[in-house]
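Biologist: I would like to go through this structure with you slowly, asking at each step what a term rests on. Could you set the values against the cut-offs as we go?

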Amino acid sequence: MVSPVLLLAVPLGLALCVPLVGRVSRRAAGFVPVIASLFNLVVSIRLLPTVLEEPIVANLGGFPPPFGITLFAGPVGMLLSALIALAGLVVSLYALSYIKTGPTVRYHTLYMLLLVGATGVVLTGDVFNLFVFFEILCISSYALVAYVGDRAGIEASVKYLIQGALGSALLLIGIGLLYGLFGTLNMADIAARIDSVDSVPVFVAMALIVVGLGVEAAIFPLNAWLPDAHSSAPSSISAILSGIAIQVGLYAVVRMVFTVFGASSVLLFFVFLGLLTLLIGELCAFAQNNIKRMLAYSSIGQMGLIMFALAIATTGSVTGGLFQMVSHTLSKALLFLAVGYMVYRSGSLEISSLEGMGRRMPLTSFAFTIGVFSLVGLPPFIGFPSKLLIVRSALAEQGVLLQVLIGLVLLATVIEGAYFFRVIQTVYFKKEEGQEARQDAPPMALLSMFVFVAFIVVIGVYPNLITDVLESGASELLERANYIGSVLG
Amino acid sequence: MSFLHDYVYYIGAFGLVAIGLLIILVKRNLIKLIIGLSILDTGVNMFLISVGYIRRGTAPIFSRPGLEPDGMVDPVPQALVLTAIVIGVAILALALALAVRFYKTYGTLDLRKAKELRW
Amino acid sequence: MSLGLLLIVAFGGSLLTYLLGKVSARTRDAFAVLISLALVVMVASLYGKAFRVPFYGGFLGMPLVLRIDGLSWLFAIAASVLGCLSVVFSLGYMKGKERTSFYYSMLLLVIAAMLGVVLSGDLLSLFIFWEIMSWSTFLLISYNGGPALAAGMKYFVMSFVGSLAMLAGVLTLHGSFGTLEFTGVAAGMSSASPGYVLAILVLFGVAFGTKNAIWPFHAWLPPAHSEAPSPFSAVLSGILIKMGVYGFLLLMFVIVGLRTFLSLGVGRIEFHTVLSIIGAITILLPTFIAIFQNDAKRLLAWSTVAQAGYIILGISFGTSLSVAGGMFHFLNHAVFKALLFMVVGAVEYRTNGVRDLDSLGGLIKRMPVTFIVAVIGVCGLIGVPLTNGFVSKWLIYKTLILERSPFLAFAALFGTWGTILYSYKFLHNIFLGQLPQRYEDMERAPFTMLLPMTILSVVVVLFGVLPGIPLAVIDTIGVSFGFESLHVTPWGIASDTGALNTVNMLVAALVGLVVVWCVFRSGARSVSVGQADSYAAGAAVPRDKYQYSVRFYAPLRRMMAPYLKDFVDSFYMRLAGWVRGLGDGLRRIYTGYVGDYVMYILVFLAVLIFVQIAWSPW
């Protein structure tokens, strides 16, 4: 049987090989992430059926839990690791043509480390291990944001680093507190004993951990770095940051709150926080003239929506939240990839500079349009079933409060539709002055965009393809006892 | 006094954390800010060590007969701190590298001058 | 004929049209016409059938079903015929424009989505097709660029609000009854509490009302109709907004049920009366706004809003006569309004996009056939006897008078008076009056435009003389809703309170015509003089500097303009401004200084811990 350890070991090993390969051929170095992501994708998908029946618990170093470091490969972990691998694969294909200048070998190394970090976070069953992978993810993304080395990149990276480092320090304090309280770092072990301790220190630990992870998860008001970093990074990195990194952060928050702390009574707070994040993200995006910044704010909004859905904490809503994660990864990554080349051709980040792109880059614009439709939640694209699930599960709950809140969520969706459709109009229907020759994105970039398009359409039409995984993922997140039982035996 | 005696490490650790946070909060110079981050990291590391430390404890090695596990220092936090230090150094190195680039681009280390990305 | 196949042809045709456009424009045009014709044939062959077919096992656990019955057949045939005529009309209109493949494929997609909407057997597939219809319409409205962008945006936002309200309604129903198929929901609704039914009606009403542009959700329609490409305006005004009517009919009489619907209300205020009053408002205000429009298409657009008011008034009044009148008026309006939009399209085509009523005139000499069909269309719009509009309006008036609702009857009649005013302005300022010099050697409209217009004008007269043909279909639908039958005869209806017999009218009209002709023949010969002479009494008038159709109805305008502000629209625009301002203010919390951001993080942490320690909510 394939072990989930391979999902970390192989890419990590390959990441360290990138500089070696780069010595031989700079071009070949770009293919290493492709191979590693492909490997991860295949392994994750192969493991999925097994994991659906019973989660795989792998002990590093052979110590049984709660002593050694545990990897817990449940449906959520496998789903997210498959998603990371898929996005990683497509974006690394895109980068083959997009990342041409600068220290490309280092780019690919850091990029792979980022993916390893993200995969590690979703697979680990150990709190400190989570911190370590989280730091791998963060540090490589700080560096990648500054990859271009222009003013905006440096500024964004510095700000991101300061906030991120502060967050990780808080996270580490929280982990230290947990260790001091329980004398263990194993998530399941802590979860089993969480009620045995006075609630105030546990709450402080939880607050520290939520805030620490929340910086990466873009929860309002911890998300100030996000618009800067996502808009200043190279577009391939923006795609990964928006599509993968913040979602992994949110996953970590959810895993800690749901599984480790079992804090069902603070969930209402997270519902409100999610809604607030959603509204603020969408409103800020509405007033943007910079296309990448608009997409970044929209990511904040989407994170809010996902958090809202997860915090309702019914099987339906968590399924919807996980579905929205998948849909956001595919759609937002696609948007960043498409915008990457549009911006490259127009030479400006202003939305108005995209005029006439529908004629200059028809295929890229088409991919962009599909991404927008999906993100706004129009059928028959993937955003539709995910939003449908969220709304359905929220409406199924009794009580006026949630119905009012879902009204606000729908309102935010309208705002989202408004600013995105304005861009569609600019791309296709604004008459531009000088006719410029048609020059679409290079074939490799187009290929990567259309892989996303294919997924968006296919899952949008047949959402049942992934609902099984999502539902068992939801029950994994909601049923702590099973988690504890399957780790500790 | 016994309170101080029992908790001196924690007080020290959180003192460092507080100093670090204060620096990050009020200083505008990037280098000072990085120093603050470093102090913060040190405080956190010290906190981790204190969690597992026992006054007059021995190393957790059964090097001679008669050693009781109760008198041993918890080795796990020390392992954690080793990792945390490495991570801290990585962040520090990256931050300093960025600071150099920042200075080259902006001609200053004052973060208030770097407000091109906003709203 | 299976429904699935029909939709596959419709949607697949749209996609193939786009792909074919990359190969050859001529093939694509032929293919588009072929597909739309095929749809007409396929829908026609479904006449009188009633069945359901599941076509999708379970979309997130909700099976999707297609069904057909009298109601959906009526709307489907209207959609496919109008769609086909519009595609034919586009052949001429779109020649030489850019991105035509996109245009044709979107037009076919809109038609396909409309067919999907009316053939849906459950609310979820209805919603899915509804959304596809909305975004494809958005793309077509924005097609022209310039002012069309704002129009498209307004359309999209309003329609999106509507469809999200509908989504909430659909999912609430799913939560309550566990099924979304019409029959199942209807069964559940019969035992639901009145408050619940009312809430559902309001949620869906926002969606359908927005699409149907009833006041106060009409703000999107005038700009959207006037800025869209004209053949598409015909579809938009003729059938697309009628999807709202379909939704209302479905909701009121199929899902909620006639009896429940009529008894619904808060205290003494009955829901259906409120709705018919809204219908009356929708007739009055837009009619008078239409009178003062100087853009031919915008005039027609406002007229569309007003006519939609008649339809809503008819179907929400809830007697067998009025509902039949409402449904018949939907059909008639589809015919004559599409015809009139095509007329404007033809004029636009020959004058290079001019549709300003102040600068046209006298085109009767250059486009005689277009003029004749325009007259027929306008007669239908006004409701002149022996045109289709007369019969449907007659049904509505008659109900209102019989049921003694003076206000509503007054609104309907007053609306017709206004209709005469703007219809005359439309006809006069385009076709009568002076012919500007620049149009003196204009050609006639091409055959591809004349053909659909002629077909439509024949239908206007046919339905006016033999209203029994459509009324028979409408009557069966009414009976299936639970109304009593109207006793339809080929020339009208036979009821106790007064029969309608169009053949008598036809005979009377013919006799009258003969008498008038004889009188004129026997009278003195007339002398024809130049236009300027009859207007300026023989004084010399400089040509082309003098256009007497400018500022039509100016005194009336001075009198009424202050009362005719579209305050609903300005409210929406202000609301949009507020939201933008709010967003602009909010994003200032991201100040750009990293110290502030650090403060946010620490303050957030501190607040969390403080709240817990102070009040310990956890």
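Biologist: To start with, which residues in α16(A) meet residues in α18(A)?

Modeller: Bear in mind that this is a predicted model, so every value here is computed from it. On the side of α16(A), the residues are S365(A), F368(A), T369(A), V372(A), L375(A) and V376(A), and they meet T413(A), E416(A), G417(A), F420(A), I424(A), V427(A) and Y428(A) in α18(A). Sorted by class, this contact has 8 nonpolar, 4 polar and 1 charged residues.

Biologist: Why are α16(A) and α18(A) called roughly antiparallel to each other?

Modeller: Helix α16, residues 362-376 of chain A, and helix α18, residues 400-428 of chain A, pack at an angle of about 170°, and their axes are 10 Å apart. Angles over 145 degrees count as roughly antiparallel, and therefore α16(A) and α18(A) are given that description.

Biologist: What makes α1(A) roughly antiparallel to α3(A)?

Modeller: The reasoning begins with the angle, for the axes of helix α1 (residues 5-24) and helix α3 (residues 31-53) of chain A cross at roughly 170° and come within 9 Å. With the cut-off set at over 145 degrees, α1(A) is roughly antiparallel to α3(A). Residues of α1(A) in this contact include L6(A), L14(A) and V21(A), while those of α3(A) include V32(A), F39(A) and V43(A). The contact of α1(A) with α3(A) divides into 13 nonpolar, 2 polar and no charged residues.

Biologist: How do you know that L178(A) counts as buried?

Modeller: A residue is buried if 20 or more other C-beta atoms lie within 10 Å of its own, and L178(A), with 28 C-beta neighbours inside 10 Å, therefore counts as buried. L178(A) is found in helix α7 of chain A, and, if residues up to four places away in sequence are not counted, it touches V127(A), I190(A) and A205(A). The C-alpha atoms of L178(A) and P201(A) are separated by 8.6 Å, although these two residues are 23 residues apart along the chain.

Biologist: Why is chain A called as compact as a globular protein of that length?

Modeller: Here the radius of gyration is set against the globule rule: chain A has a radius of gyration of 21 Å, which is close to the 23 Å that the rule gives for 489 residues, so chain A is as compact as a globular protein of that length. Chain A has 21 helices and 2 strands, and the C-alpha atoms fill a box of roughly 70 × 60 × 40 Å along the principal axes. Of the 489 residues of chain A, 70% count as buried. Among the contacts in chain A with a separation of 6 or more, 80% are accounted for by residues 24 or more positions apart.

Biologist: What makes chain B more spread out than a compact globule?

Modeller: Chain B has 3 helices and 0 strands, and along the sequence it follows the pattern α-α-α. The globule rule gives 14 Å for 119 residues, but the radius of gyration of chain B is 20 Å, well over that value, so chain B is more spread out than a compact globule. The C-alpha trace of chain B spans about 65 × 30 × 20 Å along its principal axes, and 29% of its 119 residues count as buried.

Biologist: Which element supplies the largest share of the side of chain A that touches chain C?

Modeller: In this contact, 53 residues of chain A meet 45 residues of chain C. The largest share of the side of chain A, 9 residues, comes from α18(A). By class, that side of chain A divides into 39 nonpolar, 9 polar and 5 charged residues.

Biologist: How many residues of each domain of chain C are in contact with the other domain?

Modeller: The domain assignment of chain C gives domain 1 (1-266) and domain 2 (267-500), and 22 Å separate their centres, taken over C-alpha atoms. In contact with each other are 41 residues of domain 1 and 49 residues of domain 2 of chain C. The largest share of the side of domain 1 that touches domain 2, 11 residues, comes from α3(C).

Terms used
Residues numbered from 1 in each chain as written. Chains lettered and ligands numbered in written order. Predicted model: local features only at pLDDT ≥ 70, side-chain atom pairs only at ≥ 80, totals over all residues. Axes fitted to C-alpha atoms, helices over the stretch in contact; angles between N-to-C directions. Helix = DSSP H or I, 4+ residues; strand = E, 2+ residues; numbered from the N terminus. Parallel < 35°, antiparallel > 145°, perpendicular 65-115°, else oblique. Contact = placed C-beta atoms within 7 Å. Nonpolar A, V, L, I, M, F, W, Y, C, P; charged D, E, K, R; others polar. Domains from an automatic or database assignment. Rg over C-alpha atoms; globule rule 2.2 N^0.38 Å. Buried ≥ 20, exposed ≤ 12 C-beta atoms within 10 Å, placed from the backbone.
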